[in-house]
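Here's a quick back-and-forth on why certain labels get attached to certain residues. Have a look at the model, then follow along.

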Amino acid sequence: MKSELARRIVFTLGALLVYRLGSYIPLPGISPLPGVSGNRLSIFSLGILPYLSAAIFIQLLSMVSSKLRALPRAGEAGRRKIARYTIGLAIILTAFQAFGIASGLQGIPNLVSDPGGLFVLSTTVTLTGGTMFLIWLSDQITVRGIGNGLALILFAGVAADMPRVVASMVGLVRRGDLSPERASLLVILWVALVGLVVFVELARRRVPVEFAGRKRGDRFVLAQPTHLSLKLNSAGLIPTVVAAWLLFLPLTLAGLVFGWTSPWMAAAYVQIAPGHLGHAILSSIAIIILAFVYTAHVIDPENAADSLKKLGGVIPGIEPGEPTAEHLDRVVSYTTCVGAAYLAAIVLIPEMLTAYSQAPFYLGGTSVLIVVCTVLDIETQVR
């Protein structure tokens with residue numbers, strides 16, 4: 001067991017090293033500019049967010065398509081079809097955004113060495129290929145490594161940026177731009193935020209269940225009480241990660257249609273940037289909606305009720321079958337309301353802290369959520 005765990009850890013570290021090295025491979029045809037971060041214009045610039053967004057879109061479609069909704073219950077073949085649909089949609093979304101980025105890069109003076117159709121094509125193919133490679137790499141981590149591959153790739157990006165954020169804050173204190181008292185208060189509030197995330201991510205809503213006595217093989221199993229454990233935040237970190245990507249997707253489409261140099265385009269980008277009221281409002285709405293959508297994907301009350309009925313389990317005071325499904329749906333809806341509000345607060349609180357400190361650095365609540373959720377998942381996997 002120890003050798004298997006060690007092998008998985010080594011594989012995971014190697015895969016994450018490949019990802020970090022690839023994030024410094026620049027896009028072809030880009031001239032280096034002072035002050036432009038190299039890994040922001042790398043072959044992995046789009047990351048895996050298009051894939052996560054595609055998964056959300058497929059879930060939304062399943063709500064209106066009975067055929068698509070029935071696929072996960074069709075066994076391994078149905079799950080493979082869902083995976084193919086998600087990959088196909090991810091390719092379309094990635095290529096669309098990559099084309100928009102390539103077109104926008106041409107408008108930056110002295111950035112593209114040889115602008116034109118060939119640059120747009122090569123950049124679109126490169127960015128799309130980079131995202132597809134990361135999807136494959138994350139799947140390999142999940143199967144052969146330890147932890148969830150998608151979460152670990154997100155975690156690696158956040159962890160790599162942590163030293164820069166800390167160094168930026170220390171530099172502000174040394175130059176006198178940020179007082180030591182205010183910096184200390186920020187650190188205390190960040191620690192409290194991490195504690196809140198840990199508390200909520202470990203919180204459970206337990207639904208009591210009783211199983212009748214039944215015969216199993218040659219022995220009789222006595223009736224025993226147990227419970228269904230429902231996470232307070234069943235959606236995890238996906239809504240906060242995908243919401244930011246979805247905010248910029250309509251602007252990418254608008255930039256392609258109306259041009260990237262339009263004054264209202266520049267104003268729109270400013271308004272949805274972190275720290276502005278527009279970003280806070282739109283992010284909160286998107287996160288709450290995505291939390292309900294993804295929870296519906298993770299938890300299926302009807303399927304849970306059917307499973308309980310087949311196993312002879314009942315919720316005390318609730319009839320088996322449809323009444324049980326309705327009761328579970330009601331419980332999940334209540335917990336999701338709390339979880340969605342919590343996710344929105346995790347995004348808004350750091351923005352308010354940054355506005356209060358007036359510091360030119362930003363470490364979002366999404367980053368805290370990614371780190372905490374990934375660490376908790378790894379701890380569970382190791383156990």
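Q: Before anything else, what kind of model is this?
A: It's a predicted one.

Q: Why is threonine 131 called buried?
A: Its relative accessible area is 1%, and buried means under 20%, so threonine 131 gets the label. Threonine 131 sits in helix 5 (residues 117-144). Leaving out residues up to four places away in sequence, it touches Leu46, Gly47, Pro50 and Thr94.

Q: Why does tyrosine 24 count as exposed?
A: Tyrosine 24 comes in at 54% relative accessibility, and the exposed class starts over 50%, so exposed it is. You'll find tyrosine 24 in the loop between helix 1 (2-22) and helix 2 (49-64). Its C-alpha is 7.9 Å from that of isoleucine 43, with the two positions 19 residues apart in sequence.

Q: What makes the tyrosine 24 and arginine 20 side chains a polar contact?
A: They come to 3.4 Å, and the cut-off is N or O atoms within 3.5 Å, so the pair qualifies. Arginine 20 also lies over the face of tyrosine 19, at 5.7 Å from the ring centre.

Q: Why is the aromatic pair of tyrosine 19 and phenylalanine 44 called stacked?
A: By the ring-pair rule there are 3 aromatic pairs. In this one, the centres are 6.1 Å apart and the planes differ by 25°. Pairing needs centres within 6.5 Å and stacking needs planes under 30 degrees apart, so tyrosine 19 and phenylalanine 44 pass on both counts. The pair links distant parts of the chain, with tyrosine 19 in helix 1 and phenylalanine 44 in the loop between helix 1 and helix 2, 25 residues apart. Both residues are buried.

Q: What about phenylalanine 44 and phenylalanine 133: what makes that pair stacked?
A: Here the centres are 5.9 Å apart and the planes 5° apart; against the limits of 6.5 Å and 30 degrees, that makes it a stacked pair. Phenylalanine 44 is in the loop between helix 1 and helix 2 and phenylalanine 133 is in helix 5, so this pair ties together parts 89 residues apart in sequence. Tyr19, Phe44, Phe133 and Trp136 form one aromatic cluster.

Q: Which accessibility class do phenylalanine 44 and phenylalanine 133 each fall into?
A: Phenylalanine 44 has a relative accessible area of 10%, so it's buried. Phenylalanine 133 has 31%, which lies between the 20% and 50% limits, so it's partly exposed.

Q: How do you know that the span of helix 6 is close to what's expected?
A: Helix 6 (residues 149-175) has 27 residues and reaches 40 Å from its first C-alpha to its last, against an expected 39 Å. It does bend by about 30° at methionine 162, and proline 163 follows within four residues.

Q: What caps the N-terminal end of helix 6?
A: Asparagine 148 does, with a side-chain oxygen 3.0 Å from the backbone nitrogen of leucine 150. Just after helix 6, glycine 176 takes a positive phi of about 85°.

Q: Why does threonine 240 get its accessibility label?
A: Its relative accessibility is 3% and the limit is under 20%, so threonine 240 counts as buried. This residue of helix 8 (residues 238-258) is in contact with Ile287, Leu343, Val347, Thr366 and Leu369, leaving aside neighbours within four places in sequence. Its side chain also reaches the backbone oxygen of leucine 237 at 2.8 Å.

Technical notes. Residues numbered from 1 in each chain as written. Predicted model: local features only at pLDDT ≥ 70, side-chain atom pairs only at ≥ 80, totals over all residues. Heavy atoms only, no water. Helix = DSSP H or I, 4+ residues; strand = E, 2+ residues; numbered from the N terminus. Buried < 20%, exposed > 50% of the residue type's maximum accessible area, 1.4 Å probe, protein only. Polar contact = N/O pair within 3.5 Å; in protein donor to acceptor, adjacent residues only side chain to side chain. Contact = heavy atoms within 4.5 Å. Phe/Tyr/Trp six-rings, centres within 6.5 Å; stacked < 30°, edge-to-face > 60°. Lys NZ or Arg CZ within 6 Å of the ring centre and 35° of its normal. Expected span 1.5 Å × (residues − 1). Bend = angle between axes of the 7 residues up to and from the residue.
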